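Reader: I should be grateful for a close look at one part of this molecule, namely the bond between its cysteine side chains and the parts of the chain around it. Please explain the reasoning at each step, as I am in my first year of study.

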Amino acid sequence: QVQLVESGGGLVQPGGSLRLSCAASGNFFSINTMGWHRQAPGKQRELVATTTTHGITNDVYQDSVKDRFTISRDSAKNTVYLEMNRLKPEDTAVYYCYAEVWTDYELGEYWGQGTQVTVSS
């Protein structure tokens, strides 16, 4: 019903930048929340950032990325972005787009396939 497609991952050196994007498509009424989680090798998936609009936009960041990453959303395009700056090796992970989406009468959680971000010199 809902497809999330990420793009923008890649290999960067420490201190570099990347911008991830995720576009939602399919059959749904609306999207409440879009955001990003990541999973590093040997670690559990963790929240990176989310953005939610309920008349007002609320953005939530993991503390470790709060001053370096910026989440934004183009609601008209059902697309969320993650601008990642001053990347560190510990940011290396598969980044997964997710969205909380109204389909029919249910609010469901959907995930993208993930995009690899590797920060290495």
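Author: How many disulfides does a search of the whole structure find? The search, made on a predicted model, finds 1 disulfide. This bond joins C22 to C97, with a distance of 2.0 Å from S to S. The torsion about the S-S bond of C22 and C97 is about -80°, and the disulfide is therefore left-handed. Where do the two cysteines lie along the chain? C22 belongs to strand β3 and C97 to strand β9, so the disulfide ties together parts that are 75 residues apart in sequence.

Are these cysteines buried or exposed? A residue counts as buried when its relative accessible area is under 20%. C22 has a relative accessible area of 0% and is buried because of that value. The relative accessibility of C97 is also 0%, so C97 counts as buried too.

Each end of the disulfide can now be followed into its strand. On the side of C22, strand β3 covers residues 18–26 and is joined by 6 bridges to strand β8, residues 79–84. The two strands run antiparallel. One of the positions that shows this pairing is L18, whose bridge partner in β8 is M84. Strands β3 and β8 belong to an open sheet of 4 strands, in the order β1-β3-β8-β7, with antiparallel pairing. At the edges of this sheet stand β1 (2–7) and β7 (69–74); each has a single partner strand, so one side of each is left without a neighbour in the sheet. On average, and with direction ignored, neighbouring strands of the sheet are turned by 15° against each other. A general point helps when looking along any of these strands: in a regular strand, side chains alternate between the two faces of the sheet.

On the side of C97, strand β9 pairs with strand β10, residues 106–111, in the antiparallel sense over 6 bridges. Y98 has W111 as its bridge partner in β10. Between the strands of this hairpin there are 2 residues, and in the hairpin D104 takes a positive phi near 55°.

The loop between β8 and β9 leads to a second kind of link. It holds D91, which forms a salt bridge with R38; the closest N and O atoms are 2.9 Å apart. R38 lies in strand β4 (residues 30–39) while D91 lies in that loop, and this pair links distant parts of the chain, 53 residues apart. Both residues are buried. D91 also meets R68 in a salt bridge, at 2.7 Å from N to O. Because R68 lies in the loop between β6 (57–61) and β7, whereas D91 lies in the loop between β8 and β9, the pair ties together parts that are 23 residues apart in sequence.

How exposed is each residue in these contacts? D91 is buried, with a relative accessible area of 0%, and R68 is buried at 7%. R38, with 5%, is buried as well. R38 forms a further salt bridge with E46, again with 2.9 Å between the closest N and O atoms. E46 counts as partly exposed, since its relative accessibility is 31%. The structure holds 3 salt bridges, and R38, E46, R68 and D91 are linked in a network of them.

Another feature concerns the surface. F29, W102 and L107 make a nonpolar surface patch of about 320 Å². F29 has its place in the loop between β3 and β4. With a relative accessibility of 60%, F29 counts as exposed, because a value over 50% is required for that term.

Finally, V117 is found in strand β11, which covers residues 115–119. V117 is buried, its relative accessible area being 0%. V117 and G8 are 109 residues apart along the chain, and their C-alpha atoms are separated by 8.6 Å.

To return to the starting point, the disulfide joins C22 to C97, and it ties strand β3 to strand β9.

Technical notes: Residues are numbered from 1 along each chain as its sequence is written. This is a predicted model: local features need pLDDT of at least 70, side-chain atom pairs count only at pLDDT 80 or more; totals for chains, interfaces and linings use all residues. Side-chain values use heavy atoms; hydrogens and water are left out. Two strands pair if DSSP finds at least two bridges between them. Axes are lines fitted to C-alpha atoms, for helices over the stretch in contact, and angles run from 0 to 180 degrees between N-to-C directions. A salt bridge is a side-chain nitrogen of Lys or Arg within 4 Å of a carboxyl oxygen of Asp or Glu. Buried means under 20% relative accessible area, exposed over 50%, partly exposed in between (1.4 Å probe, protein chains only). A disulfide is a pair of cysteine sulfur atoms within 2.5 Å. Patches are made of residues with over 30% relative accessible area and no salt bridge: like charges are joined within 9 Å, nonpolar side chains (Val, Leu, Ile, Met, Phe, Trp, Tyr) within 5 Å. Accessible areas come from the Shrake-Rupley method with a 1.4 Å probe; for residues, only the protein chains shown count as cover.
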